[in-house]
Amino acid sequence: MTKKTKLFALIGDPVERSLSPAMHNAAFDALGLDCAYIALRVPSEMLANAVEGIRAIRLAGFNVTHPHKVSIIDLLDKLDRSAEMVGAVNTVKNDGGKLLGFNTDGDGAVRALESKVGKLSGKKVLLLGAGGAARAIAFSLAQAGAKLTVANRTASKAKELVAAINKKLGAKAVHVALKKNILVGEIRRSNIFINATSTGMYPNVDRTLVTADMMHRGLIVNDIVYEPLQTRLLREAKKAGACMVDGLGMLVRQGAMAFEIWTGRRAPVKVMEATVKRELSRRG
Ligand code: ATR
């Protein structure tokens, strides 16, 4: 670090297991940028103070994670179209003292998936979840032209999400109950199945909402959980002969898009991906 180092951060609670500091610092190094990225644990009741502090010390930009992605909005100066549409922010740029909010989660996920399986337009996609990550992904899937069905444990959240997507994008998304017999029928009719719930995430690594008997050969199964990379859901998908897409791509692409918003430079995606993989295998 120098006297001129530009500082970036992640704010959330908890942040201890985040891979973003390793990923972004490796990217800054790869491009020889005098920048550094740190993780800051900010409890909810301190969020407003933290954002004032960020303005005062002129942090160049920051990522926002659970539980602040929605509550941060009122503390920012402006939102771009992605954040406005989704109603959540994961990336903030300090533009000469003005804090601008973006959401790269949805487009990051769609780009990562399209890079593995091709265009999503016209594909029938079943998305599990209606939390922060799922919301962003659902909007981007609808924008990419996917035929979207959403199921969530709390059904009212899936209903509200689908209504918002259809209203804002003129899409024809539908919602179904998260019940085994309903999921079986939905998955049978789908090309792609995405888990955007936190089910199966460390430390609850043996959990899954869908098992091999509910999947078919040729189905594309994408889990956005990245710790562990080989989730129970993906192991079940393998048993069924389905095509597996892990959560690494989404993590890296949403980070790469944030990097590009902050620096105006093309993100070194390969370096970011290798760094995250190394960090995850170091953790075992
Ligand atoms: P994130 O920002 O990571 O999306 P979140 O907003 O807390 O986190 O959302 C978590 C998602 O995982 C929600 O869709 C949640 O379902 P509810 O809306 O019903 O809470 C889902 N989820 C978490 N644990 C789950 C479980 N054991 N079974 C089913 N869904 C679960």
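Which residues lie nearest the centre of the second largest pocket? Select Ser115, Lys116, Leu248, Gly249 and Glu273 and you're there. Keep in mind as you click around that this is a predicted model.

**Stop 1: the second largest pocket**

With those five still highlighted, extend the selection to the whole lining, which has 15 residues. The space inside comes to about 260 Å³. To see which secondary structure is involved, colour α4, β12 (243-245), α9 and α10 (269-283), since each of these elements gives two or more residues to the lining of this pocket. Now switch to colouring by residue class: the lining of the second largest pocket shows 7 nonpolar, 2 polar and 6 charged residues.

**Stop 2: the largest pocket**

Next, select Thr65, His66, Ala133, Ser198 and Met201, the residues nearest the centre of the largest pocket. They belong to a lining of 45 residues, and the pocket's volume is about 1600 Å³. For the elements, show β3 (61-64), α5 (132-143), α6 (155-169) and α9 (248-263), each of which contributes two or more lining residues. The largest share comes from α5, with 4 residues. Keep α9 on screen for a moment: α9 also gives two or more residues to the lining of the second largest pocket. Coloured by class, the lining of the largest pocket splits into 20 nonpolar, 16 polar and 9 charged residues.

**Stop 3: the ligand**

Where does the ligand sit? It's in the largest pocket, so leave your view where it is and turn the ligand on. There are 14 residues around it, and Gly132, Asn152, Arg153, Thr154 and Lys157 come nearest. By class, the shell around the ligand holds 3 nonpolar, 9 polar and 2 charged residues.

Now put some distance labels on the oxygen atoms of the ligand:

- Thr154: an N or O atom in its side chain is 2.5 Å from a ligand oxygen.
- Asn152: a polar side-chain atom is 2.7 Å from an oxygen of the ligand.
- Ser198: here you want the backbone, where a polar atom is 3.3 Å from a ligand oxygen.

How much of the ligand does the protein bury? On its own, the ligand exposes 640 Å², and the protein buries 74% of that. You may remember Ser198 from the previous stop, where it was one of the residues nearest the centre of the largest pocket.

**Stop 4: the cavities**

Time to hide the ligand and look at the enclosed spaces. How many cavities of 30 Å³ or more does the structure hold? There are 2.

Begin with the largest cavity, which has a volume of about 60 Å³. To find it, select its lining: Leu128, Phe193, Asn195, Thr199, Gly200, Arg207, Thr208, Leu209, Val210, Asp223, Thr231 and Leu233. By class, that lining has 5 nonpolar, 5 polar and 2 charged residues.

Then go to the second largest cavity, with about 50 Å³ of space. Select Ala109, Ala112, Leu113, Asn222, Asp223, Ile224, Val245, Asp246, Gly247 and Met250 to outline it. Two elements, α4 (105-117) and β11 (220-223), give two or more residues to this lining, and α4 supplies the largest share, with 3 residues. The class split for the second largest cavity is 6 nonpolar, 2 polar and 2 charged.

Did you spot the residue on both lists? Asp223 lines the largest cavity and also the second largest cavity.

**Stop 5: some backbone details**

Switch to sticks for the last few clicks. Which residues does a cis peptide bond join? One such bond is between Asp13 and Pro14, with omega about 5°. You'll find Pro14 in the loop between β1 (6-12) and α1 (20-30). Another cis peptide bond joins Tyr202 and Pro203, again with omega about 5°. Pro203 belongs to the loop between β10 (192-195) and β11.

Finish at Arg58, which isn't a glycine but has a positive phi of about 55°. Arg58 is in the loop between α2 (47-57) and β3, and β3 is one of the elements you coloured around the largest pocket.

Key
Residues numbered from 1 in each chain as written. Predicted model: local features only at pLDDT ≥ 70, side-chain atom pairs only at ≥ 80, totals over all residues. Heavy atoms only, no water. Near = heavy atom within 4 Å. Polar contact = N/O pair within 3.5 Å; in protein donor to acceptor, adjacent residues only side chain to side chain. Areas by Shrake-Rupley, 256 points an atom, 1.4 Å probe, with all protein chains shown as cover. 1 Å grid on protein atoms, 1.4 Å probe; cavity = no way out; pocket = protein on both sides within 12 Å on 5 of 7 lines; lining within 4 Å. Sits in = over half its atoms within 2 Å of the grid points. Nonpolar A, V, L, I, M, F, W, Y, C, P; charged D, E, K, R; others polar. Points joined across faces, edges and corners; volume = space filled by probe spheres on them.
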